[in-house]
Amino acid sequence: MATSKTHIQGIATTALAEEFGTPLFVYDADILEGTYRKLRDVLPACVDVFYSLKANPNVSVCALLNSLGTGAEVSSYAELVTTLRAGVAPEDIIFLGPGKDERELTACVEAGIHAIVCESLDELDLLDSLLAAAGRDDFPVLLRVNPAFGSKGSGLAMGGKPRQFGIDEAELRGSKHRLAALRHIRVKGVHAYMGTRFLNHEDVVHNTRQILATAEDLAGRLGFPLETVDFGGGLGVAYFDNEEDLDLTALGTGLADVLSSFSARNPHCRMIMELGRFLTAAAGTYIIRARYVKDSMGESFVVADGGTNHHMAAVGVGSFVKRNFPIRHLGSRTAGELRPYSVTGPLCTPNDVIAKKVQLPEVRPGDLLAVERSGAYGPTASPGRFLSHGFPAEVMVHGGRAHLVRERDTTEDVLAKQHLVDFRPTSG
C-alpha cells in the first residue's frame, strides 16, 4: 500500500498543521489531477466521467475536477448549487436520489441539467405535473433501474435485491403504458449503479456489460430512444492491508471491448461513468494531534483532537471487523522500534476509534498523525456536530500553495441557528 510524504508539493504537513490548526483535512491537487488523468488515459474516449459529489462536496474539489473534464452527479439541492458555482455546465449535470422534493426537481428544470434520474414511477408523475404547471415540455429524464441481476466484488452491492433506489427491472418492463401517458417528460436513457469499492476490474466489466444489455432491452420494450446510459462506476480504493488498487490498464481494455459493440449499435448514445471515492480518496490526508497517550489494561491509546466526528469512514468502510486506514507518524521519531497504539478521538463513545492497534513509532502528546487516503467520505459522511465540536478546516494545496477551502467551525457557528427560550418567571 502506498505511503504518503511528509511534504505536500514541498510544504511540510507539520507546517500546514501549524498554520491552519488541527484537526485538518488537506487535499493535494496534484494527486487529484493525476488520479483523473491516469483513469482518463485508459478509458475509451466514448466514456464521460461524472464526479459524484457525495464523496467530497467541497466546491474547490468539484471545480478542479471539472476543469480537468468531469461532469457532476448530484443528489441534493445544495450539491446542485455547489456544482453550478464550481462552473460545471448544466448539460454535464445529472441529479439522482430516491427522495427528491419539489424544490429540487424545479431547480433541475430551471437549471436545464442533462437529466433528472427518476427512481420511482410516482416521481415521474410528480415531475410531469410540475412541468405541466410550468408550461415546460420535453424535459429529459433517465430511468434508474434496480436490476434483477446482482453484482459481485462490491463492498456495497446495489442490484438483485430489494432497494429504496431505482425501479425494479420487472416493474419497468410492465410500465410502457404508464410511461406513454407522460406528456411533458422525455425518457432518454437508463441509469444503474451496482455497488461500490470494486477492486477487481473483471467485476466492473461484467456489471457494465449487464447494464448495457438491460438498457437496450428496456429501450426496445418501452419504446424510448437510448440517448444516455449511466452505467455507474463504484471503482474502489485499496485502504487496508492485503488490498490492491484496481488494474486500470486491464479495466480500460475490458471496457473498450464491451463498449465498442454497444457504441456500434447506439452511435449517438452518451455513456457516463460516475465516480466519487476513486477520484478523491488518495488525494486527502486527515491530520490530527495527540492530546494524551495512556495505557489501559495493557493497551496503549493515543487520544487525539479529532476522530470519527470528522472521519466516520475510518471506522471500517463496510467491514464488520475493524480494519485500519493507512496512518503514519508525522514527527521526527520516524525510526526505531514500532509499538501498537489504538488511536481515538475526543468523543464520549467507545466507537470513536480511528485506528486499532496500529504499529507506530513512539507517540507523545503534541505529536501529529496523518490518516491517509482520506479525501472521500470524511466530513460529508461524519457526525461533525456530535458533542458540538463542529467540522474541521479543509485546505487544498495547488501549485505549491496552500488554500483554505473550508473554514473551521467555531462555537458561534454551532450555536448560530439555535434559539434560546426565556424561562425566567414573569412578574404578576
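In this predicted model, a good place to start is Val 190, which sits in strand E11 (residues 185–191). Val 190 has 0% relative accessibility, so it counts as buried. Its C-alpha atom is separated by 4.9 Å from that of Leu 142, although the two residues are 48 apart along the chain. Setting aside neighbours within four places in sequence, Val 190 is also in contact with a wider group of residues: Leu 143 and Val 145 join Leu 142 on the list, along with Ala 215, Leu 218, Phe 224, Thr 228, Val 229 and Asp 230.

From there, the nonpolar cores come into view. The largest one has 102 residues, and Leu 39 and Val 343 are the members that touch the most others. Helix H9 supplies the largest share of this core, with eight residues. As for Val 343, residues up to four places away in sequence are not counted, and what it touches is then Ile 288, Val 302, Ile 327, Val 353, Ile 354, Ala 355, Val 358, Leu 360 and Leu 369. There is also a second, separate core of 14 residues, with Ala 17, Phe 20, Ala 393 and Val 397 among them.

Helix H9 (residues 201–222) has a partner in helix H10 (residues 248–265): their axes come within 8 Å and cross at roughly 10°. Because angles under 35 degrees count as roughly parallel, H9 is roughly parallel to H10. On the H9 side, the residues that meet H10 are His 201, Val 204, Val 205, Thr 208, Arg 209, Leu 212 and Glu 216. H10 brings Ala 250, Leu 251, Gly 254, Leu 255, Asp 257, Val 258, Leu 259, Phe 262 and Arg 265 to the contact. Sorted by class, that makes nine nonpolar, three polar and four charged residues where H9 and H10 meet.

Two other helices show a buried side and an exposed one. In helix H1 (13–20), the buried residues are Thr 13, Leu 16, Ala 17 and Phe 20. These four cover an arc of only 100° around the axis, so they lie on the same side of H1. An α-helix has 3.6 residues a turn, so residues three or four places apart point the same way. Glu 18 and Glu 19, on the other side of H1, are exposed.

Helix H4 (residues 77–85) has Glu 79, Leu 80, Thr 82 and Thr 83 as its buried residues. Their arc around the axis is only 160°, which puts them on the same side of H4. Ala 78 and Arg 85 are exposed on the other side. The buried residues of H4 pack against helix H3 (59–68), strand E5 (71–74), strand E6 (93–95) and helix H5 (102–111).

Finally, a few spots stand out in the backbone. Gly 87, just after H4, takes a positive phi of about 100°, and Gly 21, which follows H1, has a positive phi near 80°. Most residues other than glycine have a negative phi, and most peptide bonds are trans. Against that background, Gln 9 has a positive phi near 50° and lies in the loop between strand E1 (7–8) and strand E2 (11–12). Lys 357 has a positive phi near 50° too, but this residue is found in strand E19 (residues 353–360). The peptide bond from Thr 22 to Pro 23 is cis, with omega near -5°. Pro 23 belongs to the loop between H1 and strand E3 (24–28).

Conventions. Residues are numbered from 1 along each chain as its sequence is written. This is a predicted model: local features need pLDDT of at least 70, side-chain atom pairs count only at pLDDT 80 or more; totals for chains, interfaces and linings use all residues. Side-chain values use heavy atoms; hydrogens and water are left out. Axes are lines fitted to C-alpha atoms, for helices over the stretch in contact, and angles run from 0 to 180 degrees between N-to-C directions. Angles under 35 degrees count as roughly parallel, over 145 as roughly antiparallel, 65 to 115 as roughly perpendicular and the rest as oblique. Contact means heavy atoms within 4.5 Å. Ala, Val, Leu, Ile, Met, Phe, Trp, Tyr, Cys and Pro count as nonpolar, Asp, Glu, Lys and Arg as charged, and the others, Gly among them, as polar. A nonpolar core is a set of buried Ala, Val, Leu, Ile, Met, Phe, Trp, Tyr and Cys residues joined through side-chain atoms within 4.5 Å. Buried means under 20% relative accessible area, exposed over 50%, partly exposed in between (1.4 Å probe, protein chains only). The arc is that of the directions from the helix axis to the C-beta atoms.
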